[in-house]
Amino acid sequence: MTMKNNTILWILGIVVVLAGFLSYQTRQQSSSFSTTTAGLPAAKSSETVELKNGDTFNLTASIVQKTIQGKPVKMLAYNGMVPGPLMKVSQNSQITVHFTNDTDVPTTLHSHGVRLDNAFDGVPDSTQKAIPVGGSFDYTLKFPDAGMF
C-alpha cells in the first residue's frame, strides 16, 4: 500500500468517525426530554374516583410542575394529579378509560398487576401503537380479580 493510499484511508476513517459522532449528537439533542417548568400548571393532589360497572372515565396525561425540596420539577401527571387518581372498581366490573395524551411525547397507559386483554395492555409497538401527542385511545378494562393494583 502506498503512502498516498494510506493517507486517504486515514482521512476516510476520520470522516466516518466524525459523521457518526455528529449523527449521535443530533439524535441525542432531538430526543432529549426538556426539563423547563416555565408556564406549567402546578400539580394537584391525588383524588379517589369510584367507578361502577359500565362507567367511562376520562384520563388525560399532561405535564405539570411540582416543587420538590424548594426546586420546581417538570413531571408527567394524570388529570393534573401527581400521583394520578386512584380508581376504585368493584371485582367483575368492566370500565372504559378514555385516555388522552396532552404530553409532549408519544405514550400509552400500561398497568401492572391487572389482568388485561392484550389489546389494552399498553406496551408500545407490541400490543398497541403509541398514542401520539394530542391523540387518544379507549381502553376497555375488566377486573376479574379482587385486590389493589
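**Exercise 1. Find what share of the residues in the protein is buried, and describe its surface and its contacts.**

Step 1. In this predicted model, buried residues make up 23% of the 149 residues in the protein.

Step 2. Turning to the surface, the protein exposes about 10,200 Å², and carbon and sulfur atoms supply 57% of that area.

Step 3. Among the contacts with a separation of 6 or more, 63% are accounted for by residues that lie 24 or more positions apart.

**Exercise 2. List the elements of the protein and work out how the open sheet of four strands is arranged.**

Step 1. The protein has one helix and six strands, and from the N terminus on these elements run α-β-β-β-β-β-β.

Step 2. Four of the strands form an open sheet in the order β3-β2-β5-β6, with mixed pairing. The edges are held by β3 (71–78) and β6, each of which has a single partner strand, so one side of each is left without a neighbour in the sheet. From one strand to the next, the twist averages 25°.

Step 3. Within this order, β5 and β6 run antiparallel and are joined by eight bridges; one pairing to look for is that of T96 with its bridge partner T140 in β6.

**Exercise 3. Identify the residues that touch the most other members of the largest nonpolar core, and follow the contacts of F99.**

Step 1. The largest nonpolar core has 15 residues, of which L59, I95, V97, F99, L109, Y139 and L141 touch the most other members. The elements that contribute two or more residues to this core are β1 (48–51), β2 (56–68), β5 (93–101) and β6 (136–143).

Step 2. When residues up to four places away in sequence are not counted, F99 touches L59, A61, Y78, T107, T108, L109, I131, G135, S136, F137 and Y139.

**Exercise 4. Decide whether T108 and V133 are buried, partly exposed or exposed, and describe the surroundings of each.**

Step 1. T108 is placed in the loop between β5 and β6, and V133 likewise has its place in the loop between β5 and β6.

Step 2. T108 has a relative accessible area of 11%, and because buried means under 20%, T108 is buried. Leaving aside neighbours within four places in sequence, T108 is in contact with F99, G122, P124, Q128, K129, A130, I131 and Y139.

Step 3. V133 has a relative accessibility of 47%, which lies between the limits of 20% and 50%, and therefore V133 counts as partly exposed. With residues up to four places away in sequence not counted, V133 touches N101, T103, D104, V105 and P106. The C-alpha atoms of V133 and T103 are separated by 6.1 Å, although these residues are 30 residues apart along the chain.

Key:
Residues are numbered from 1 along each chain as its sequence is written. This is a predicted model: local features need pLDDT of at least 70, side-chain atom pairs count only at pLDDT 80 or more; totals for chains, interfaces and linings use all residues. Side-chain values use heavy atoms; hydrogens and water are left out. A nonpolar core is a set of buried Ala, Val, Leu, Ile, Met, Phe, Trp, Tyr and Cys residues joined through side-chain atoms within 4.5 Å. Buried means under 20% relative accessible area, exposed over 50%, partly exposed in between (1.4 Å probe, protein chains only). Contact means heavy atoms within 4.5 Å. Accessible areas come from the Shrake-Rupley method with a 1.4 Å probe; for residues, only the protein chains shown count as cover. Two strands pair if DSSP finds at least two bridges between them. Axes are lines fitted to C-alpha atoms, for helices over the stretch in contact, and angles run from 0 to 180 degrees between N-to-C directions.
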